[in-house]
Amino acid sequence: MELLRPRTIAEATAALRDGAVALAGGTEVVPLLRDGPLLAARLVPLAGVVPRGVDGRRATPEAEQSHEVGAAAATAAPRPVLRVGAGTTLAELEVDPEIPAALREACRLAASPQLRSMGTLGGNLLQATRCWYWRLHSGCWLQGGDRCHAREGEHREHAFFGNGRCASAHPSDPAAALLALGATLRTDRRELPLSELYRLPRDDDRSTTTLAADELLLELEVPSPDASVYLKAMDRKRFAFALVGVAAARSGGEVRIALAGAAPIPWLLAAPDALDEATPLPGTSYKVEVARTLVDRALEAVAP
Amino acid sequence: MARLIKTEKEVEGHYTETWVVVEEDVLEQWPAGPRAVVGQPAPRIDGHERARGEARYTADLALPGMLHTAVLRSPYARARVRRIDASRALTAPGVRAVLLPEGADLPPQHAPEAIASEPGAIGAALAERARVAPLTSEPGYEGHAVAAVAAETQAQAQAALRLLAVDWEPLEPLLDADDAVRRKSLVSEPRVNERGDLERGLAEADVVVEAVYRTQNVLHNSLETHQAICHWHGDGELDVYISTQFVWGVRDAVAERFGLERDKVRVVCEYMGGGFGSKNGPGEYTLIAAELARRTGRPVRCALDRRDESRAAGNRNATIQRLVAGARADGTLTALGGEFVNAVGWDGLSASTAGPMQLLYACDNVRTVEYGARLNTPPNAAFRAPGFVEGTFGLECLIDELAAKLDLDPLEVRRRNYATTDPVNERDYSAKGLERCYQLAERHWARRDDVRARSDGAWKRGVGLASQIWFGAGGPPSYAWLRLNAEGHATVITAMQDIGTGTRTAVAQIAAEELGFPLARVSVALGDSARGPFASISAGSSTTPSMGPAVRAAAADVKRQLLEIAAQRYAVDISTLTVEDGRIVAGGSRSWPVEEITGLLGDGQLLGKGARGPNPTGMRVLTFGVQVAEVAVDVGTGEVVVERVAAIHDVGRIVNPLGARSQVEGGIVQAIGYALSEARLLDPASGTVLTKTLDAYKLPTIADVPEIVTEFVDEPDPHLTNLGSKGLGEPPIIPTAAAIANAIRDATGADVRSLPVTREEMLRALREARERERDRLGAPAA
Amino acid sequence: MLESLELTVNGDRHALDAPVGRSLAEVLRDDLGLTGTKIACYEGHCGACTVLLDGVPALSCITLVHAVGGRGVTTIEGLREHPLVDAFVREDALQCGFCTPGQIVSASALLAANPRPTREEIGHAMAGNLCRCGAYRNIEAAIASVGGGR
Ligand SMILES: Cc1cc2nc3c(=O)[nH]c(=O)nc-3n(C[C@H](O)[C@H](O)[C@H](O)COP(=O)(O)OP(=O)(O)OC[C@H]3O[C@@H](n4cnc5c(N)ncnc54)[C@H](O)[C@@H]3O)c2cc1C
Ligand code: SF4
Ligand code: FES
Ligand code: FES
């Protein structure tokens, strides 16, 4: 294995084009490389290349706000927006008072202190599923095989939305928070709403993101809501992935709700009663019940 | 004087009566209560070594020239290995030997000569069928060891493992425990225990409750994984460095496998990183390392990684308990019955899950049947009070369901059925402090109304309790030596092990107490079968009650010699002499520092020896306790939070209140994991383990731990040894899960009957309770 | 591929050759003999291998040694005189002791950032260090006693 030393974004993306793998905090990459699911002869460290830290800045033009999926009528006044480098660690975000409560809390309740001080926001958004069949490389559908083992098998931690093919549940707490906050993403080549980073895997393309192999996440733009919250149900009080995570953010009259642990990708809930359309598996119907309670509580928490 | 006697030996509930040679236990027990050293809280004497990272665990040892092992484990729950081609593995870089199972067809190129002539091959590399190591060509569970490779580095061994070409024939696994019982796939004969007449008892009852309880498989997950380093030297002598709970058991098992004289095997374990019952024997990893070491002439390490630990290092088996209880209106039990299915796995002991039902209450009509299902799942291993943890969950929930139906106070029902002699064999208890435990529990139990009143919105609060019964007498043989040097420093020498329970400190306290020394003047040399006498296994809550009396006897032997010399030196009557706080005291008036006498020794030493005396015959020596749990349940999300546990136990004399409290807290923390979050999950079709990693298998974290209040009866058992102490390793983990489940019922009215009480189980139970309530209200008036 | 590197551990500089991909934990334990850092899972799930990188707690088992760069590494061997060591022993905050070095390293970072942590804060900051023996209550007491929190 070789560790490259890119100094610029261009050098880094060039290396990615050649099949190298991006290494941010390494909390996902290192175990996956050791274990097999990820293969790479060359690693591209992103420290010093991808921005790290939080910048305040005023106002996104109306035009840019309008491409947010699920956004109802654009709100009147421009809102303050924070720029968060993709290389910022979760530990830095969890204590930053500038950061909206939902994102701060999502970071605070993610992983463990050590992992939060190593792991970056960019890496977190791109983490792979925790589905045990995937992690134990069972050659399942998402890994290119022809069967989802979880649907018929043990799936208590799995999805209740978007689970027709792959029943995995997206593990990122920050992604749900950012989705509810209506964050946009800047890569080395484009800007897009965070919701467009993710896509449900399809038979012909089983990737869960729209990121090109040589594309780098650089920065997130996070609007400041009037109120936001993140609630997380897990098997223990800390250091566990979300069984269900519910993020809610209110900007003016509009409330957006997003879920972690609900679908193969972070899941935007069009409205609270969209939970009626959930498609739970036998072992995940309890999650719908949990989600109902948490959505009610989240709405109450952000209500004016 | 050594005597030949008949005594009872008990390990984890199994009594065996055997002839043993024992030395008489002539010392009088100390009076009850804290003494100068014993009964005083003492920080661990090896605490600094451990805390500073200086303590060397097996995982930290590296012998010169040591090879590393990778073990090929079956990826299938049941399979046959048709053929293994090891030729590519043999020629891989760094490989020194490959071990293959009997039975599988090995291609001819495996002959060492053929290998040696291949380009790039290492002449020394050998592929042979395992003769001693337990490799199989017919794996019966996922993780069953099939082949092993020794190489210069761990990475090379692992790389070579991937080059073994194995022709597997996967077979249909048997995974369902009830199914196994139907098909008579059992590890042992069903165990039936009966007294009185269950049917008659049920007929006499005013109220009968029936329920099915299920408990899950849980993993020990000691932080130091199972591992050993084996090293042959000299004239066929074998050193084994191993993370173990029983140095002597490993010695005997390894010697037997290799046909060696027992003392040709030396077993060393100075520090070990947790076992909880799973490290009582050598395990296949030790035998593999020993065989590879023999073949290569090099020291060989074989260590399980975390994932192997989760499938091949044992587990607490799952159970299904179909229980019934009958009682009169006043709460007097008339009948207890149960069918217990232990999902033992491929191999292992079917522990006594019916034990609590048999032993805890005075009830005339009791019938239990226990099945040990043999399945294509990883073998179980003893895990802190095996059987009783599972069985107490069922029994103590059942008693509470009964109390609820009778509308009686659960503590009252337990008292009404208090056993004053052993209900199975009518023997007297050597001591029974359970009623005292109940008395001490009253003030915790009395918090009930306040706790319920703190319910708040979706958070419902409640209190539950459960009783504990278990063994813990220990027994002979166990020996200790004690050496006192010229500087007046004493060393206890015994080949026991301290697995983290603090026995090293406890025996130092006992020696110091008997000698009249401050604790700082006693050290303990342990963990080496070549350098100390035989000592007890650290399992079955037996280390302190077995070792303590032996250590005290050794110290008394030295003290006698010390006083004999002092009597001569100071020309005083020996009967007026004692030792207190490191000084020799004559009749309370004159005193001299001990060094004045020991200083006369020069290079001489005072040597003492001590042996564990017999257990009282014809008596039941048991431990007792009760725990009171307070929980909060979020009825909207099914979250359960344990807020407080009060633990009151009777284990005889407490040697070290600080260490004892730690044992209790540790047991309760493990029990909270058992009750709420831990479960080894299998893929239902293939039987492979899904929770192989510590992100998926959820041990409690510090954030999950409630307030814990620990109290002890702390009365020496007058019939048990010169110490009156019983074991404490296991009692605290026994009643917690039932106390939590009972608190959940108190808080919500819902009956949780399956462990762990995850969100789904909690929400299911709440739904059931709501439906029951609706039916009750909706039922037409009579 | 072997690549040389410099590593500062507990203030001592070491020049080493190591294959890219080797973890900091292996280098500490196997190359430098600093076996106080334990490995219990080797995949970032338990905290036994916790060290400080420029004062920030990190899991050495999933840190590539070549990615440490100029950051100073502190292991338990560098914290032997820390008051937490005595506090852990005094409060009996260890049983088998296998998780203990990692606990003390994490706790030292907590106290450096927050000298008087509350019970909640200790629970939050120490949740990444699993202890199978369940010494948690005493771990909390030990940290609180050094932090003057009680
Ligand atoms: C035990 C455990 C528990 C966890 N619990 C939680 C939890 O409860 N909630 C939660 O949300 N998360 C959890 N996580 C996930 C954790 O937060 C992520 O592993 C971490 O944030 C990833 O960041 P990293 O910098 O280490 O990513 P890396 O491991 O370095 O990278 C992850 C992936 O992202 C790619 N990548 C990283 N940065 C970029 C970039 N800027 N541009 C393009 N590609 C990039 C990498 O190539 C790789 O594919 C847990 C992880 C572990 C190991
Ligand atoms: S849920 Fe997705 S990742 Fe898991 S087995 Fe099914 S296809 Fe594979
Ligand atoms: S050994 Fe590093 S986290 Fe477990
Ligand atoms: S003291 Fe044993 S794991 Fe913590």
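A cavity is a set of grid points where a 1.4 Å probe fits but cannot get out. The exercises below apply this definition to a predicted model.

**Exercise 1.** Determine how many cavities of 30 Å³ or more the whole structure holds, and describe the lining of the largest cavity.

*Solution.*
Step 1. The search of the whole structure returns eight cavities of 30 Å³ or more.
Step 2. For the largest cavity, the volume is about 570 Å³.
Step 3. Its lining comprises 41 residues; B:Thr501, B:Thr503, B:Gln663, B:Leu728 and B:Gly729 lie nearest the centre.
Step 4. In chain B, helix H15 (503-515), helix H16 (543-570) and helix H18 (657-677) each contribute at least two residues to this lining.
Step 5. Sorted by class, the lining of the largest cavity contains 22 polar, 12 nonpolar and seven charged residues.

**Exercise 2.** Characterise the second largest cavity by volume and by lining.

*Solution.*
Step 1. The second largest cavity encloses about 310 Å³ of space.
Step 2. It is lined by 24 residues, and those closest to its centre are A:Arg130, A:Cys131, A:Trp132, A:Glu157 and A:Phe241.
Step 3. The class count for this lining is 11 nonpolar, seven charged and six polar residues.

**Exercise 3.** Identify the residues that surround ligand 2 and classify them.

*Solution.*
Step 1. Ligand 2 is surrounded by 13 residues, the closest being A:Cys131, A:Cys140, A:Cys148, A:Cys166 and A:Ala167.
Step 2. Helix H8 (132-135) and helix H9 (149-152) of chain A are the elements that supply two or more residues to this shell.
Step 3. The shell around ligand 2 has 10 nonpolar and three polar residues, with no charged residue.

Key
Residues are numbered from 1 along each chain as its sequence is written. Chains are lettered from A and ligands numbered from 1 in the order in which they are written. This is a predicted model: local features need pLDDT of at least 70, side-chain atom pairs count only at pLDDT 80 or more; totals for chains, interfaces and linings use all residues. Side-chain values use heavy atoms; hydrogens and water are left out. On a 1 Å grid over the protein atoms alone, a cavity is a set of points where a 1.4 Å probe fits but cannot get out, and a pocket is an open set with protein on both sides within 12 Å along at least five of seven lines; lining residues have an atom within 4 Å of a point. Grid points are joined across faces, edges and corners, and a volume is the space filled by probe spheres set on the points. Helices (H or I, at least four residues) and strands (E, at least two) are DSSP runs, numbered from the N terminus. Ala, Val, Leu, Ile, Met, Phe, Trp, Tyr, Cys and Pro count as nonpolar, Asp, Glu, Lys and Arg as charged, and the others, Gly among them, as polar. A residue is near a molecule or strand if one of its heavy atoms lies within 4 Å of it.
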